[in-house]
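Could you take me round this protein, one selection at a time? I have the viewer open and would like to know what to click on and what I will find there.

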Amino acid sequence: MNIAVMTDSNSGITQAQAKDLGVTVIPMPFTINHEAYEEDINLTQDQFYQLIRDENTEILTSQPALGDLSKAWQKALEDHDAVIYIPMSSGLSGSCQSATMLASDDEFEGKVFVLDTQRISVTLRQNVYDALELAKQGKTAQEIADILVSRKMDATIYITVPTLTYLKRGGRITPAAATLGSLLKIKPILTIQGEKLDKFEQARTMKKARKIMIEAVKKDIAERHWDDYDLFVAYTEDKEQADDYIKEIEAAFNHPVNWVDPLSLSVACHIGPNSLALAAAKKYID
């Protein structure tokens, strides 16, 4: 089968990288101060962080318009037998459910496969790479879908944020909790295990939070008996901090960090700049 692979910009794959890889990345839409933007189309990382620092900036996220998604699939099917579409986790957005409903239309049924692998960012990127490799191996679209969905729990992510400001602004925590947390200088550590983003632990400093994330990932790898795995780092805005963390991680694991990406803006708008994430996923394909 000649299979097209698609994802959304929550994978961290830029439009330029997508062109090199031969995949399609659907940009996530934003409304900022009543104006429409699309990630990596007319909204860059630098522009976004300039805007988000202004507390009067109103930022709303939404899912890709079904009309735009339909057009992307139609275009892909002109030259391909099937489409593998891997959006962000259904637990973090309704975009996966909407795409699944669209794929059930007569026009796309049996040709477009929407995969809910319950991943985002660097682990979602790994799914895209694996889909490309499985297609090269001659797997059918259904086989690729079954394989990747069966592996959806073979990933772990921890994220720490330096301030509660953006979690409060997005309604993720109450103003009272944010005020108390700020007074105590709490750095929350969040985790994604499958569908949802949940609180994991908290620390008083970013240095301590970084160590907690390393130990948590080590524990997950050991308890899940991963013989081989990939390590990833993601960050919001501060690449220098991420590079410094990579050194700490590689020393702790005696294992290279496979890649580092900026977190997608859909995530960044809720946690703000200077956040860090450490992720790992079981490795199946070299």
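Which residues of helix 5 are buried? Keep in mind as you look that this is a predicted model. Select residues 121-136 to bring up helix 5, and then colour the buried ones: Ser-121, Val-122, Thr-123, Leu-124, Arg-125, Gln-126, Asn-127, Val-128, Asp-130, Ala-131, Leu-132 and Leu-134. That makes twelve of the 16 residues, so helix 5 is largely enclosed by the rest of the structure.

**Along helix 5**

Try a distance between the C-alpha atoms at the two ends of helix 5. At 1.5 Å a residue, its 16 residues should span 22 Å, and the end C-alpha atoms are 23 Å apart, which agrees.

Now click on Ser-121, which lies in helix 5. Its phi is positive, near 60°, and the residue is not a glycine. Most residues other than glycine have a negative phi. Is Ser-121 buried or exposed? With a relative accessible area of 4%, Ser-121 is buried, because the cut-off for that class is under 20%. Just after helix 5, select Gly-138, where phi is again positive, at about 95°.

**A pocket beside helix 5**

Keep helix 5 on screen and show the second largest pocket, which has a volume of about 350 Å³. Its lining counts 21 residues, and those nearest the centre are Tyr-129, Asp-130, Leu-132, Glu-133 and Ile-285. Which element gives the largest share of this lining? Helix 5 does, with seven residues. Strand 1 also supplies at least two residues of the lining.

**The largest cavity**

Next, look for enclosed space. There are two cavities of 30 Å³ or more, and the largest holds about 50 Å³. To see its walls, select Gln-118, Arg-119, Ile-120, Thr-123, Lys-152, Ala-155, Thr-156, Ile-157, Ile-192 and Gly-194. Strand 8, residues 155-160, provides the largest share of this lining, with three residues.

**Three stops: two serines and an asparagine**

Go to Ser-9, in the loop between strand 1 (3-8) and helix 1 (15-21). Its relative accessibility is 5%, so Ser-9 counts as buried. Which side chain does the side chain of Ser-9 meet in a polar contact? The partner is the side chain of Glu-39, at 3.1 Å. Leaving aside neighbours within four places in sequence, the contacts of Ser-9 are Val-25, Ile-26, Pro-27, Met-28, Glu-39 and Ser-264.

Then move to Asn-33, in the loop between strand 3 (29-32) and strand 4 (35-38). Asn-33 is not a glycine, yet its phi is positive, at about 50°. This residue is partly exposed, with a relative accessible area of 35%.

For the other serine, select Ser-95 in helix 4, residues 95-103. At 6% relative accessibility, Ser-95 counts as buried. Not counting residues up to four places away in sequence, Ser-95 touches Gln-63, Pro-64 and Met-88.

**Helix 10, end to end**

The last stop is helix 10, so select residues 239-253; these 15 residues should span 21 Å at 1.5 Å a residue, and the end C-alpha atoms are indeed 21 Å apart. Begin with the cap at its N-terminal end: a side-chain oxygen of Asp-238 lies 3.3 Å from the backbone nitrogen of Glu-240.

Which residues of helix 10 are buried? Colour Gln-241, Ala-242, Tyr-245, Ile-246, Ile-249 and Phe-253. Turn the view to look down the axis of helix 10: the buried residues fall within an arc of 145°, so they line one face of the helix. An α-helix has 3.6 residues a turn, so residues three or four places apart point the same way.

What do the buried residues of helix 10 pack against? Show helix 9 (206-223), strand 11 (229-235), strand 12 (259-262) and strand 13 (276-282), and you have their partners. Now rotate to the face of helix 10 turned away from its buried side, where Glu-240, Lys-247 and Ala-251 are exposed. Finish at Asn-254, the residue that follows helix 10, which has a positive phi near 50°.

How values were computed. Residues numbered from 1 in each chain as written. Predicted model: local features only at pLDDT ≥ 70, side-chain atom pairs only at ≥ 80, totals over all residues. Heavy atoms only, no water. Helix = DSSP H or I, 4+ residues; strand = E, 2+ residues; numbered from the N terminus. Expected span 1.5 Å × (residues − 1). Buried < 20%, exposed > 50% of the residue type's maximum accessible area, 1.4 Å probe, protein only. Arc of directions from axis to C-beta. Contact = heavy atoms within 4.5 Å. Polar contact = N/O pair within 3.5 Å; in protein donor to acceptor, adjacent residues only side chain to side chain. 1 Å grid on protein atoms, 1.4 Å probe; cavity = no way out; pocket = protein on both sides within 12 Å on 5 of 7 lines; lining within 4 Å. Points joined across faces, edges and corners; volume = space filled by probe spheres on them.
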